[in-house]
Amino acid sequence: MPQIINVIIPAFNEEDSIAHVINDIPDIVSEVIVVSNNSTDTTESVAQHAGATVLKEAQKGYGYACLKGMEYIASKENKPDIVVFLDGDYSDYPEELPDIIAPILDNDIDMVIGSRVKRLREPGSMTSPQIFGNWLATNLMKLFFNAKFTDLGPFRAIKYDKLLSLGMVDKTYGWTVEMQLKVLKKRYSYLEIPVRYKKRIGVSKVSGTIKGAIFAGVKILSWIFKYSFT
């Protein structure tokens, strides 16, 4: 039986990249949902013209955008089997989506993370704060939970029923690590798949600023320590 796959793409001022992302998503996806996170450029019209369902979320924050996408999916009559999260800056390779979902379809894995391994990363595609933050967060998860994560990669797929059961709440920078921690806590199966990664189009809203990097780091560490002692 064919699986229904939905893609959620949080986007803030991604008018130069969003059409590329949407156009590179394979046809096996039933619906692409772009959540405009208070964009002030033409992101919304470009995404709509490229064939995506466009939602608006006035509250700024990656988690706010993801939750808006989930709220929309919950209102649909035909729920997806798998939800894929993907960034709108064209740093990921959307055409690798079949590789991301393959372990779910073939081996019944609950969640798959696209790991941005060094050998497949374009030089300069990840900032020093990103690299250090990923190293610290994944090593802390290994220390406290015996986890095997190597990345907090945004390109990820998860069974829809498992996603709902996680009760996701983070509104900003902690969304990815919250999902991974809750998967560990619930003992769901997970796997990482090496993926390519390139320089994004435009400027990063998180790692591209000192303030964003600090806030993201604090939020990620707070989730890890919260779950380490509960």
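Q: Let's start with a single residue: is Asn13 buried, partly exposed or exposed?
A: This is a predicted model, so everything here is read off predicted coordinates. The general idea is to look at the relative accessible area: under 20% is buried, over 50% is exposed, and what falls in between is partly exposed. Asn13 has a relative accessible area of 25%, so it counts as partly exposed. You'll find Asn13 in the loop between E1 and helix H1 (18-23).

Q: And what is the phi of Asn13?
A: The background first: most residues other than glycine have a negative phi. Phi of Asn13 is near 50 degrees, a positive value in a residue that isn't glycine.

Q: Where does Tyr90 sit, and what is its phi?
A: Tyr90 belongs to the loop between E4 and H4, and its phi is near 70 degrees, again positive in a residue other than glycine. Tyr90 counts as buried because its relative accessibility is 18%, and the cut-off for buried is under 20%. Add Asp108 to your list: just after H4, this residue takes a positive phi of about 60 degrees.

Q: Let me step back to the whole chain. How many helices and strands does it have?
A: Eight helices and seven strands. Of the 230 residues, 50% count as buried. The accessible surface comes to about 10,900 Å², and carbon and sulfur atoms own 55% of that. For contacts between residues at least 6 apart in sequence, 77% join residues at least 24 apart.

Q: What is the order of the strands in the sheet?
A: To read a sheet, walk from strand to paired strand. Here the walk gives E3-E2-E1-E4-E6-E5-E7, an open sheet of seven strands with mixed pairing. The edges are strand E3 (53-56) and E7, each of which pairs on one side only. Ignoring direction, neighbouring strands are turned by 20 degrees against each other on average.

Q: Which pairs show the mixed pairing in detail?
A: Take E1 and E2 for the parallel sense: they pair over six bridges, and Ile8 stands opposite Ile33 in E2. For the antiparallel sense, look at E6. Strand E4 (residues 82-85) pairs with E6 over four bridges, and strand E5 (residues 111-115) pairs with E6 over three. Arg156 in E6 is a handy landmark: Arg156 is the bridge partner of Phe85 and also of Ile113.

Q: Which way do the side chains of E6 point?
A: In a regular strand, side chains alternate between the two faces of the sheet. In strand E6 (residues 156-159), Arg156 and Ile158 point one way, while Ala157 and Lys159 point the other way. Every one of these four residues is buried.

Q: Which residues of helix H4 are buried?
A: An α-helix has 3.6 residues a turn, so residues three or four places apart point the same way. In H4 (residues 97-107), the buried ones are Leu97, Ile100, Ile101, Pro103 and Ile104. They cover an arc of only 145 degrees around the axis, and therefore lie on the same side of H4. On the other side, Asp106 and Asn107 are exposed.

Q: What covers the buried residues of H4?
A: The cover includes strand E1 (5-11), E4, E5, E6 and strand E7 (190-194).

Q: Which strands does helix H3 lie across?
A: Helix H3 (residues 62-75) lies across E1, E2, E3 and E4, running at about 145 degrees to E1. H4 also packs on the sheet, and its direction makes about 30 degrees with that of E6.

Q: Which residues does Asn38 touch?
A: For this, skip residues up to four places away in sequence. Asn38 then touches Phe12, Glu57, Ala58 and Lys60. Asn38 lies in the loop between strand E2 (31-36) and helix H2 (43-49). The C-alpha atoms of Asn38 and Ala58 are separated by 4.7 Å, though the two residues are 20 apart along the chain. With 35% relative accessibility, Asn38 counts as partly exposed.

Q: One last residue: is Thr138 buried or exposed?
A: Thr138 is buried, at 5% relative accessibility. Thr138 is part of helix H5 (residues 128-145), and its side chain reaches the backbone oxygen of Trp135 at 3.3 Å. Leaving out residues up to four places away in sequence, Thr138 touches Phe149, Thr150 and Asp151.

Conventions:
Residues numbered from 1 in each chain as written. Predicted model: local features only at pLDDT ≥ 70, side-chain atom pairs only at ≥ 80, totals over all residues. Heavy atoms only, no water. Buried < 20%, exposed > 50% of the residue type's maximum accessible area, 1.4 Å probe, protein only. Helix = DSSP H or I, 4+ residues; strand = E, 2+ residues; numbered from the N terminus. Pairing = 2+ DSSP bridges. Contact = heavy atoms within 4.5 Å. Areas by Shrake-Rupley, 256 points an atom, 1.4 Å probe, with all protein chains shown as cover. Arc of directions from axis to C-beta. Polar contact = N/O pair within 3.5 Å; in protein donor to acceptor, adjacent residues only side chain to side chain. Axes fitted to C-alpha atoms, helices over the stretch in contact; angles between N-to-C directions.
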